[in-house]
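Work through the exercises below with the sequence and the model open. Try each task before you read its solution.

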Amino acid sequence: HPHYQRRAGDVDAALTRTILALLEARGVRDQAWLWFGHSAGAQFVHRYTLRHPQRVQRAALSAAGWYTLPEPGLAYPYGLDGFERMDPLSDVLAVRQRVFVGALDVNGGDALRREPVLDERQGRDRLARARTFVREMRRLAAANALPARVSLRELPEAGHDFDLNMRRTRLGQQVLRFLQREAADD
């Protein structure tokens with residue numbers, strides 16, 4: 001599925017069918033899942049959460065290049081206008097999400113999508129874009145009198161390199177602690 005991180009329906013439907021088939025084959029009951037994605041994978045996971053919040057117990061997002069902001073008036077993929085979702089935003093806001101991003105992830109490089117609308121609305125780098133996404137999700141929760149279940153974890157001395165971040169910042173351990181934590185512990 002080329003460009004899986006931006007597309008919605010066909011990619012997430014195929015993945016959902018695959019996971020459900022694996023669960024059924026193993027005799028595991030269906031329930032909400034724990035999700036983790038890094039970079040383009042984080043873009044996919046947060047968009048999957050927008051579309052299928054009932055399938056997401058928790059989502060750990062690491063260093064996404066950019067985000068679909070929870071703004072109905074902003075065209076998809078920058079906002080929700082034209083984004084097909086099945087559940088109300090209150091269901092999305094009920095999902096616990098944590099954004100992990102390196103405090104030094106401020107060099108866009110060739111892999112970072114650069115467009116005037118992104119740079120102006122979300123920021124010029126992954127750190128700024130992560131802060132914007134978390135702020136906008138928290139703002140939306142407050143506007144709807146809902147608890148903010150999206151948090152940000154800035155990793156000191158970390159850039160974008162996944163392997164390096166796993167070693168230097170113990171990103172894997174931090175993600176696992178977040179994903180395995182019971183809701184009452186947050």
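**Exercise 1: the sheet**

F36 stands opposite A60 in β2. The model is a predicted one: local features need pLDDT of at least 70, side-chain atom pairs count only at pLDDT 80 or more, and totals for chains, interfaces and linings use all residues. Residues are numbered from 1 along each chain as its sequence is written, and side-chain values use heavy atoms, with hydrogens and water left out.

Task: state the order of the strands in the open sheet and name its edge strands.

Step 1. Helices (H or I, at least four residues) and strands (E, at least two) are DSSP runs, numbered from the N terminus. Two strands pair if DSSP finds at least two bridges between them.

Step 2. β1 and β2 are joined by six bridges in the parallel sense.

Step 3. The open sheet has four strands in the order β1-β2-β3-β4, with parallel pairing. β1 and β4 (150–155) are the edge strands, since each pairs on one side only. From one strand to the next, the twist averages 15 degrees.

Step 4. For background, strands of a sheet pair through backbone hydrogen bonds, either parallel or antiparallel.

**Exercise 2: helices on the sheet**

Task: find which strands α2 lies across, and check its length and burial.

Step 1. Axes are lines fitted to C-alpha atoms, for helices over the stretch in contact, and angles run from 0 to 180 degrees between N-to-C directions. Contact means heavy atoms within 4.5 Å.

Step 2. α2 lies across β1, β2 and β3 and runs at about 145 degrees to β1. Helix α7 (residues 171–180) also packs on the sheet, where it touches β1, β2, β3 and β4, and its direction makes about 160 degrees with that of β2.

Step 3. The expected span of a helix is 1.5 Å times one less than its number of residues. For the 12 residues of α2 this gives 16 Å, and the end C-alpha atoms are 17 Å apart, which agrees.

Step 4. Buried means under 20% relative accessible area, exposed over 50%, and partly exposed in between (1.4 Å probe, protein chains only). In α2, 11 of the 12 residues are buried, so the helix is largely enclosed by the rest of the structure. Among the buried ones are F44, V45, H46 and Y48.

**Exercise 3: the nonpolar cores**

Task: describe the largest nonpolar core and say which element gives the most to it.

Step 1. A nonpolar core is a set of buried Ala, Val, Leu, Ile, Met, Phe, Trp, Tyr and Cys residues joined through side-chain atoms within 4.5 Å.

Step 2. The largest core has 32 residues, and W35, L61, Y67, V99 and F133 have the most contacts inside it. At least two residues each come from α1, β1, α2, β2, α3, β3 (96–102) and α5. The most come from α5, which supplies seven.

Step 3. Take L61 as an example: leaving aside residues up to four places away in sequence, its contacts include A42, V45, V99, F100 and F133. A second, separate core has eight residues, including A60, L155, A158 and L179.

**Exercise 4: salt bridges**

Task: trace the salt bridges of R121 with E71 and E136, and say which parts of the chain these pairs tie together.

Step 1. A salt bridge is a side-chain nitrogen of Lys or Arg within 4 Å of a carboxyl oxygen of Asp or Glu. The structure holds 11 of them.

Step 2. R121 and E71 meet in a salt bridge of 2.1 Å, N to O. R121 lies in helix α4 and E71 in the loop between β2 and α3 (89–93), so the pair ties together parts that are 50 residues apart in sequence.

Step 3. R121 also forms a salt bridge with E136, with the closest N and O atoms 3.3 Å apart. E136 lies in helix α5 and R121 in helix α4, so this pair ties together parts that are 15 residues apart in sequence.

Step 4. R121 is partly exposed, at 26% relative accessible area, whereas E71 is buried at 18% and E136 is buried at 7%.

Step 5. E71, R121, R135, E136 and R139 are linked in a network of salt bridges.
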